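Open the model in your viewer and keep the sequence panel visible. The stops below say what to select and what to look for there.

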Amino acid sequence: MGFALGVELTKRCNFTCGHCMVDAGRARPKEASTRDLVRLLGEAARCGVTAIGWSGGEALVRKDVEELTAAATALGLQTGLATNGYLATRPRLEALKQAGLRTIQISLDGPDAARAGRYRTGPRDAFARAYRAIEESASVGLHAYMCALLVPESAGELEEMIALASKAGAAGLRYATYLPVGRAEGQCQAESAWAIPAVGDFLRLARERSTPRMRVIVDCPAGPLPGMRRYACGAGRETAYITADGQLFPCTSLMHADYRVGNVFETPLGVLMSDGRMFKVLHELASQPLHGHCTECSFAATCCGGCPGRTLAVSGSVTGESTRPSMPDCLYRLHSHPSKETHEPEAIGHARQAEA
């Protein structure tokens, strides 16, 4: 499968969304230079990294994304970009495609401007420019994904969102839940909100409506989902994340001091990739027995209690507390019906951070 590395190019952003996992806005001191990042790409290639995902803040506020993408491509690395789409003009998209960018993920959180604006705080024409960016990305030959925030209140909009993504020419529609870090810390909804029938209907429709021409993807940290054969945390083993000032974490949902591995601009990436702190969370999951509802789940052997970052945010520990199931808000537990399970692994998938 390879190793996917998310690289945050800057904390700067022209939006101020309440669910931002990195609390973006202004640039932070000591953000990486172009030279720093080109050197990092070389180290990443030597360490076995196969995919790079540019993120932010808003990555496109930097003028060197094309240069960095070309450098990654020359090293044989696949690249993807996550963006709010506001600065994704056709000339920039064409330049990025020429530099070797393969996929682009553009955020659009509702089927119209009013509903998208519930979650994404940006300029008045943000919706129109994001939609146009999806159209332009598809037209220049990029694999364009429309990305939306999955919250209980948006679950009933799936059919409209699929129609919008199809009209724009997107290759797929990706839903992501809140990552409980950054500005979104403490914003996890109560389990009762996720248990509503609309969420179950969303999961069923996502399976039924996902096709090779329009994939519907539900991303981490949702944990196992109805219709999925397996779920396993890949933090530090398949994925990692580097902040704009060089801090390395095994996963975006684990951007806490206890899971900081080190700084890639102070210690070589190859040294940090083999550091025991990179696998701390996986060792914790393996060493602690499951409890609560998780002990009765057929996915327990691979899932090991779901997303540790989400559990950490809710309970203060990646392994949870004895009074609750290991995985809070587990959509599989809340909405699966074993007698009706189809086990279609391609219907709903988990997109890794670096693969936009």
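Select strand 6 (residues 172-176). Gly172, Arg174 and Ala176 point one way from the strand, Leu173 and Tyr175 point the other way, and all are buried. Buried here means under 20% relative accessible area, exposed means over 50%, and partly exposed lies in between (1.4 Å probe, protein chains only). Strand 6 is thus mostly covered, with five of its five residues buried. Helices (H or I, at least four residues) and strands (E, at least two) are DSSP runs, numbered from the N terminus.

This is a predicted model, in which local features need pLDDT of at least 70, side-chain atom pairs count only at pLDDT 80 or more, and totals for chains, interfaces and linings use all residues. Residues are numbered from 1 along each chain as its sequence is written, and side-chain values use heavy atoms, with hydrogens and water left out.

Add strand 5 (residues 143-149), which runs parallel to strand 6 and is joined to it by five bridges. Two strands pair if DSSP finds at least two bridges between them. Pick out Tyr145, whose bridge partner in strand 6 is Gly172, and then Leu149, which stands opposite Ala176. Six of the seven residues of strand 5 are buried.

Now add strand 4 (103-107). Strand 4 and strand 5 run parallel, joined by five bridges; Ile104 has Ala144 in strand 5 as its bridge partner. Gln105 also lies in strand 4. Is Gln105 buried or exposed? Gln105 is buried, its relative accessible area being 9%. Its C-alpha atom is separated by 8.5 Å from that of Gly85, 20 residues apart along the chain.

Show all the strands next. They include an open sheet of ten strands with mixed pairing, in the order 7-6-5-4-3-2-1-8-9-10. Strand 7 (215-218) and strand 10 are the edge strands, each pairing on one side only. Further in, select strand 1 (residues 3-8) and strand 2 (residues 49-55), which pair in the parallel sense over six bridges. Glu8 has Ser55 in strand 2 as its bridge partner. Helix 1 (residues 34-46) packs on the sheet and touches strand 1, strand 2 and strand 8 (239-242), its direction making about 150 degrees with that of strand 2. Axes are lines fitted to C-alpha atoms, for helices over the stretch in contact, and angles run from 0 to 180 degrees between N-to-C directions. Contact means heavy atoms within 4.5 Å.

Move to helix 3 (residues 90-99) and colour its buried residues: Arg92, Leu93, Leu96 and Ala99. Seen down the helix axis, these residues fall within an arc of 125 degrees, so they line one face of helix 3. The arc is that of the directions from the helix axis to the C-beta atoms. An α-helix has 3.6 residues a turn, so residues three or four places apart point the same way. The cover over the buried residues of helix 3 includes helix 2 (65-74), strand 3 (78-83), strand 4 and helix 5. Turn to the other side of helix 3 to find Pro91 and Gln98 exposed. Gly100 follows helix 3, with a positive phi near 115 degrees.

Select helix 5 (residues 126-139) together with helix 6 (residues 158-168): their axes come within 8 Å and cross at roughly 50 degrees. That makes helix 5 oblique to helix 6; angles under 35 degrees count as roughly parallel, over 145 as roughly antiparallel, 65 to 115 as roughly perpendicular and the rest as oblique. Show side chains for Phe127, Tyr131, Ile134, Glu135 and Ala138 in helix 5, which meet Leu164, Lys167 and Ala168 in helix 6. The residues of this contact divide into six nonpolar, no polar and two charged. Ala, Val, Leu, Ile, Met, Phe, Trp, Tyr, Cys and Pro count as nonpolar, Asp, Glu, Lys and Arg as charged, and the others, Gly among them, as polar.

For the last residue stop, go to Ser253, in the loop between strand 9 (247-249) and strand 10 (262-263). Ser253 is buried, with a relative accessible area of 2%. Which residues is Ser253 in contact with, leaving aside its neighbours within four places in sequence? They are Leu179, Val181, Cys307 and Gly309.

Finally, zoom out to the chain, which has 13 helices and ten strands. Buried residues make up 56% of its 356 residues.
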